[in-house]
Amino acid sequence: MQKRIAALGLGNIAGKLDAGERLTFDDGVRLFECPDLLALGWLANREREKRHDGRTYYNFNIRLEATNVCVASCLFCSFARLRPGDAGSYTMSLEQAWDKLRERAHQPLTEIHVVNGLHPDLPFDYYLEMLRGFKRIRPGIHLKCFTAVEIAFFADLYKMADEQVLRELKDAGLDSLPGGGAEIFAERVRRKICHDKCGTERYLEIHKLAHRLGMRTNVTMLYGHIETRDERVDHMLRARALQDETGGFQAFIPLAFHPDNNQMRKLPAPSATETLRVHAVSRLMLDNIPHVKAFWIATGVEVAQVALWFGVDDLDGTVQEEKIYHMAGARTPEAMTTGAIRRLIRAAGRDPVERDTLYNVVTGPEAPDEAPALVQ
Ligand code: V47
């Protein structure tokens, strides 16, 4: 493989990786241009194994989208409905949201991941009460809720500073922020696909504030639409620069664009090879972010399995009732049991580790996949 890497002109990049040196913007573009996907995967896998050996993380989580009413008009979105009352719009009552957790009282869940539309008419108390209620029902549950875009929206709507919004949500039980809403940081792309929501600087500033308040967060990248390779690398470097400052990002999550039922439906979905390439380059460029996650709902289960040899060490979780991707045409299941996730990781030749949101080990690789505690 070393000879193959040299013949591809990537000897210099491999040398930097060996020496623990940081890759540059130009290196990132060259990696995206490399025609030999296996060589790229080999390099990314080395970095993955340096950090995690064969360990592959997943968690036992549920996903909740409490409303799809959203004032933003992102071209890639198939989930949002503009106004309450529009066909297909919904907003859960707090009881309905809490029921989603109550229904799973028998399951050893560790996380709820909440993402909502930007609803113009709900009071701030709705969100605060939602968090308090989840903690009342299950004090130990980790609440990973509200993207930076939602935090910015709350601040504008309720006339508060971003930091105040974060502090009040944290006091009500918020534990961390998911990475949604990052899309592509380049202004050219944002102007075209999501012009009327929080911009890049504010997205990053909110993550920085959250890190300063002691919360961990994730960062995503929506790829496979109108972005260029340069813009992907630029996106990664902006995330890397913030991570240098705060160290608060846990995972980088490339999200494959799904074209059904949205305004960019004429674009093809990214291919499996593109998905493997994006995850591999992410692992190589983001030397300071511990985990690269393949969100199996977005990549498809089989591609996620292969990605475990292309830099990925995390598959997100059991999920349950996912809407954003399924309304955009995802053909993956909407949920998986922990047993099914462990088996697919083992089938890919890796070692399954159930983690909590902060990557503490819940069930190590030595546990049998059908242990009673894992059966749902
Ligand atoms: O920000 C919306 C994306 C994101 C489409 O932090 C679409 O652990 C593809 O951020 N095709 C929300 N993508 C999901 C998200 C996420 C997922 C898994 C784990 C974590 C985490 C975060 O979904 C949005 C947007 O980038 N999205 N529509 C679509 N048609």
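Trainee: What makes Ser78, Phe79, Arg81, Asp260 and Asn261 contacts of Met327?

Mentor: Contact means heavy atoms within 4.5 Å, and Met327 touches these five residues once those up to four places away in sequence are set aside. The model is predicted, so local features need pLDDT of at least 70, side-chain atom pairs count only at pLDDT 80 or more, and totals for chains, interfaces and linings use all residues. Residues are numbered from 1 along each chain as its sequence is written, and side-chain values use heavy atoms, leaving out hydrogens and water.

Trainee: Why is Met327 called partly exposed?

Mentor: Buried means under 20% relative accessible area and exposed over 50%, with partly exposed in between (1.4 Å probe, protein chains only). Met327 has 23% relative accessibility, so it counts as partly exposed.

Trainee: How do you know that both faces of strand β4 are covered?

Mentor: His142 and Lys144 lie on one side, Leu143 and Cys145 on the other, and all are buried. In a regular strand, side chains alternate between the two faces of the sheet.

Trainee: What makes β3 and β4 a pair?

Mentor: Pairing takes at least two DSSP bridges between two strands. Four bridges join β3 (residues 111-114) to β4, and the strands run parallel. Val114 has Cys145 as its bridge partner in β4.

Trainee: Why is helix α2 called oblique to α3?

Mentor: Their axes come within 11 Å and cross at roughly 120°. Angles under 35 degrees count as roughly parallel, over 145 as roughly antiparallel, 65 to 115 as roughly perpendicular and the rest as oblique, so α2 is oblique to α3.

Terms used:
Helices (H or I, at least four residues) and strands (E, at least two) are DSSP runs, numbered from the N terminus. Axes are lines fitted to C-alpha atoms, for helices over the stretch in contact, and angles run from 0 to 180 degrees between N-to-C directions.
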